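Visitor: Please take me on a close look at a single part of this model, beginning with how its first helices meet. After that, I would like to see how the part sits in the rest of the chain.

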Amino acid sequence: METLANLESFVKSAETSSFSEAARRMALTPAAVSRNVAMLERNLGVRLFQRSTRKLVLTEAGERFFQSIRGNLDALQTAIIDVSSGVSEPAGVLKVSLSPTFGVTHILPLLPELLQRYPLIRPEWHFENRPVDLVAEGYDVAIGGGFDLAPGIVARTLAPAHIIAVASPAYMAKRTPPADPAQLSQFEGIVMRSLRTGRIRHWAMRNAAGAEMIATLPETIIVNDPAAMREAAKLGLGVAMLAMPDVLPELESGNLVRLLSHWYSDAGAISLYYASRTHLPAKTRAFVDLVADAFKRDRLAERFAGSLG
């Protein structure tokens, strides 16, 4: 039976491609990490890494082993912490994936409350514009939209993901507001090129009466990040189509104004995603419940609904 130290040394070395970096994260010496990995290889009877003076590279067997034990190791570490603490208090590393703009604005402010309630939780939060593979990449929770619901993955809806047209008050000061989405073509457009597809996204907008119309903004300024679109709009450079959660603070402060107040695009839903288990880890349940309660308390589902004007 392998020791936890050997398995953790392997996983950290695989994640960082370095014994030295793995040692730094584990508060060990590089020699100790290398020795643990060598013992694991000897016990398994396979080489897990190709070693060079510059970096470590997983062998084919090492890659298979890494994908197999990565998430299980986190669960085992959490179970050990739970048992050793003598209570069922949520504990362990909580690995979460969030989009940068939404995560920093609406979820990061919940971190002090989370840590005050559950001091044994260790947050590892990744702010990234991509749908992650929860199981393969070892995430406890992801928050966002557009995730594939692989077998065993649960989606708990938090709020609608509605896209609206915004601009700065200064930009609109000497311009006539558009009467319908088609008139957005008369303005400078701030648009985004998708990191996944390489394409520029244009939206079809709808209103409460059920009418639909294409909103084609000129590609005056092209960026690859929603936060950059928002800041460019605040600078008075044009009109941007952005998710309501990403611009709500700017609308409430008056830094941005909404155009076409009764028109919006429906991009689906903002959801919490996590692996369905008979016994959900206490740390995951604590985080999911905290976020859901905050959305209810602050009426975020209602405030994010672009359909309400």
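Guide: Happy to. One term first: helices (H or I, at least four residues) and strands (E, at least two) are DSSP runs, numbered from the N terminus. Ser276, for example, lies in the loop between strand 13 and helix 11, and we will come back to that loop later. Please keep in mind throughout that this is a predicted model.

Let us start with helix 1, which covers residues 4-16, and helix 3, which covers residues 30-44. Two packed helices are described by the angle between their axes and the distance between the axes. For helix 1 and helix 3 the angle is about 110 degrees, and the axes are 8 Å apart. Since angles of 65 to 115 degrees count as roughly perpendicular, helix 1 is roughly perpendicular to helix 3. On the side of helix 1, the contact is formed by Ala5, Asn6, Leu7, Ser9, Phe10 and Ser13. Helix 3 contributes Val33, Asn36, Val37, Met39 and Leu40. By class, this contact has 7 nonpolar and 4 polar residues, with no charged ones.

Why do some positions in such a contact recur every few places? An α-helix has 3.6 residues a turn, so residues three or four places apart point the same way.

Now bring in helix 2, residues 19-26, which also packs on helix 3. Here the angle is about 105 degrees, and again the axes are 8 Å apart. Helix 2 and helix 3 are therefore roughly perpendicular to each other. Phe19, Ser20, Ala22 and Ala23 of helix 2 meet Pro30, Val33, Ser34 and Val37 of helix 3. In this contact 6 residues are nonpolar, 2 are polar and none is charged. Val33 and Val37 are worth selecting in your viewer: they take part in the contact with helix 1, and they take part in the contact with helix 2 as well.

Two residues of helix 1 deserve a closer look. Thr16 lies in this helix, and because its relative accessible area of 18% is under the 20% cut-off, Thr16 is buried. Not counting residues up to four places away in sequence, Thr16 touches Glu21, Ala22 and Arg25. Glu15 is also in helix 1, but at 31% relative accessibility Glu15 counts as partly exposed. Setting aside neighbours within four places in sequence, the contacts of Glu15 are Arg25, Phe66 and Arg70. Arg25 thus appears among the contacts of Thr16 and of Glu15. Glu15 and Phe66 are 51 residues apart along the chain, yet their C-alpha atoms are separated by 9.1 Å.

That brings us to the chain around this part. There are 12 helices and 13 strands, and the C-alpha atoms fill a box of roughly 75 × 45 × 30 Å along the principal axes. Of the 309 residues, 43% are buried. Among contacts with a separation of 6 or more, 72% join residues 24 or more positions apart.

The largest pocket has a volume of about 1200 Å³. It is lined by 41 residues, and Asn129, Met192, Arg196, Trp203 and Pro226 lie nearest its centre. The lining has 24 nonpolar, 11 polar and 6 charged residues.

Further along, helix 10 spans residues 244-253, and its buried residues include Met244, Val247 and Leu248. Just after helix 10, Gly254 takes a positive phi of about 90 degrees. Positive phi values also turn up in residues other than glycine. Leu260, with phi near 50 degrees, sits in the loop between strand 12 and strand 13 and is buried at 9% relative accessibility. Arg299, with phi of about 55 degrees, belongs to the loop between helix 11 and helix 12 and is partly exposed at 46%.

Finally, back to Ser276, as promised. Ser276 is partly exposed, with a relative accessible area of 46%. Apart from neighbours within four places in sequence, Ser276 contacts Gly152 and Val154. Ser276 and Phe295 are 19 residues apart in sequence and 22 Å apart in space, C-alpha to C-alpha.

Technical notes:
Residues are numbered from 1 along each chain as its sequence is written. This is a predicted model: local features need pLDDT of at least 70, side-chain atom pairs count only at pLDDT 80 or more; totals for chains, interfaces and linings use all residues. Side-chain values use heavy atoms; hydrogens and water are left out. On a 1 Å grid over the protein atoms alone, a cavity is a set of points where a 1.4 Å probe fits but cannot get out, and a pocket is an open set with protein on both sides within 12 Å along at least five of seven lines; lining residues have an atom within 4 Å of a point. Grid points are joined across faces, edges and corners, and a volume is the space filled by probe spheres set on the points. Ala, Val, Leu, Ile, Met, Phe, Trp, Tyr, Cys and Pro count as nonpolar, Asp, Glu, Lys and Arg as charged, and the others, Gly among them, as polar. Axes are lines fitted to C-alpha atoms, for helices over the stretch in contact, and angles run from 0 to 180 degrees between N-to-C directions. Angles under 35 degrees count as roughly parallel, over 145 as roughly antiparallel, 65 to 115 as roughly perpendicular and the rest as oblique. Contact means heavy atoms within 4.5 Å. Buried means under 20% relative accessible area, exposed over 50%, partly exposed in between (1.4 Å probe, protein chains only).
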